[in-house]
Amino acid sequence: MQEMQEMESTVMELIIHAGEARSSSMQALQAARKHHWQEADALLASARDAAREAHKIQTALIGADEGCGKIPVNLIMVHAQDHLMNAMLCRDLVEELIYLHRQVQELSKTHLQ
């Protein structure tokens, strides 16, 4: 019973870190839209850190499972995996969008001169 509670706690921690990564990514995009580049960069760094923490938990779970089904796959586990993958995809896409925002701003400056 205690082992199951520890597993649930670990999975919830993964969800929290993944959610933080996604949230920071979206906040970075909002900052970039306002041309607040330092804030956007800081938020992207925060998103990377949170995703790294979530990924460490995921890696530990995969290692504990040893590919043998030792860890039961339940709905919360699937939800956690879904959260992490969405957060990672979101961060990747936001990084590209911020890059494009910067390029548009640079082109606008050049065009106006």
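**Notebook: pocket, helices and selected residues**

I began with the largest pocket, and noted that α2 (37-65) and α3 (75-112) each supply at least two residues of its lining. The model I am reading is predicted.

**Entry 1. The pocket**

I looked up the volume of the largest pocket and recorded about 210 Å³ of space. I then listed its lining: Leu14, Gln58, Leu61, Ile62, Asp65, Ile71, Val73, Met77, Val78, Ala80 and Gln81. I sorted these lining residues by class and obtained eight nonpolar, two polar and one charged.

**Entry 2. The chain as a whole**

I counted the secondary-structure elements and found three helices and zero strands. Read along the sequence, the pattern is α-α-α. I next asked how the overall dimensions stand against the rule for a compact globule. For 113 residues that rule gives a radius of gyration near 13 Å, whereas I read 18 Å for the chain. Along the principal axes, the C-alpha atoms fill a box of roughly 70 × 20 × 20 Å.

I also checked burial and the range of the contacts. Of the 113 residues in the chain, 31% are buried. Among contacts with a separation of 6 or more, I noted that 79% are between residues 24 or more positions apart.

**Entry 3. Helix α2**

I tested whether the span of α2 fits its number of residues. The 29 residues of α2 should span 42 Å at 1.5 Å a residue, and the end C-alpha atoms are 41 Å apart, so the two values agree.

I listed the buried positions of α2 as Trp37, Ala40, Leu43, Leu44, Ala47, Ala50, Ala51, Ala54, Ile57, Gln58, Leu61 and Asp65. I kept the helical repeat in mind while reading that list. An α-helix has 3.6 residues a turn, so residues three or four places apart point the same way.

At the end of the helix I looked at the backbone. Glu66 follows α2 and has a positive phi, near 55°.

**Entry 4. Leu61**

I chose Leu61, which lies in helix α2 and belongs to the lining of the largest pocket. Is Leu61 buried or exposed? Its relative accessibility is 11%, and since buried means under 20%, Leu61 counts as buried. Setting aside residues up to four places away in sequence, I found that Leu61 touches Met7, Thr10, Val11, Leu14, Ile71 and Met77. Of these, Leu14, Ile71 and Met77 are also on my list for the pocket lining. I took the separation of the C-alpha atoms of Leu61 and Ile71, ten residues apart along the chain, and recorded 7.7 Å.

**Entry 5. Ser24**

I turned to Ser24, found in helix α1 (residues 2-33). Ser24 has a relative accessible area of 7% and is buried. Which residues does Ser24 contact, once its neighbours within four places in sequence are left aside? I recorded Leu43, Ser46 and Ala47. Two of these partners, Leu43 and Ala47, appear among the buried residues of α2. The C-alpha atoms of Ser24 and Leu43 are separated by 5.4 Å, and the two residues are 19 residues apart along the chain.

**Entry 6. Arg91**

I looked up Arg91 in helix α3. With a relative accessible area of 15%, Arg91 is buried, because the cut-off for that class is under 20%. Beyond its neighbours within four places in sequence, I found Arg91 in contact with Ser25, Leu44, Ala47, Arg48 and Ala51. I noted that Ala47 is also a contact of Ser24.

**Entry 7. Tyr99**

I placed Tyr99 in helix α3. Tyr99 is partly exposed, with a relative accessible area of 46%. I compared its position with Ala32, 67 residues apart from Tyr99 along the chain, and recorded 9.1 Å between the C-alpha atoms.

**Entry 8. His35**

I closed with the loop between α1 and α2, where His35 is placed. What is the sign of phi at His35? I read a positive value of about 65°, although His35 is not a glycine. With a relative accessible area of 38%, His35 is partly exposed.

Technical notes. Residues numbered from 1 in each chain as written. Predicted model: local features only at pLDDT ≥ 70, side-chain atom pairs only at ≥ 80, totals over all residues. Heavy atoms only, no water. 1 Å grid on protein atoms, 1.4 Å probe; cavity = no way out; pocket = protein on both sides within 12 Å on 5 of 7 lines; lining within 4 Å. Points joined across faces, edges and corners; volume = space filled by probe spheres on them. Helix = DSSP H or I, 4+ residues; strand = E, 2+ residues; numbered from the N terminus. Nonpolar A, V, L, I, M, F, W, Y, C, P; charged D, E, K, R; others polar. Expected span 1.5 Å × (residues − 1). Buried < 20%, exposed > 50% of the residue type's maximum accessible area, 1.4 Å probe, protein only. Contact = heavy atoms within 4.5 Å. Rg over C-alpha atoms; globule rule 2.2 N^0.38 Å.
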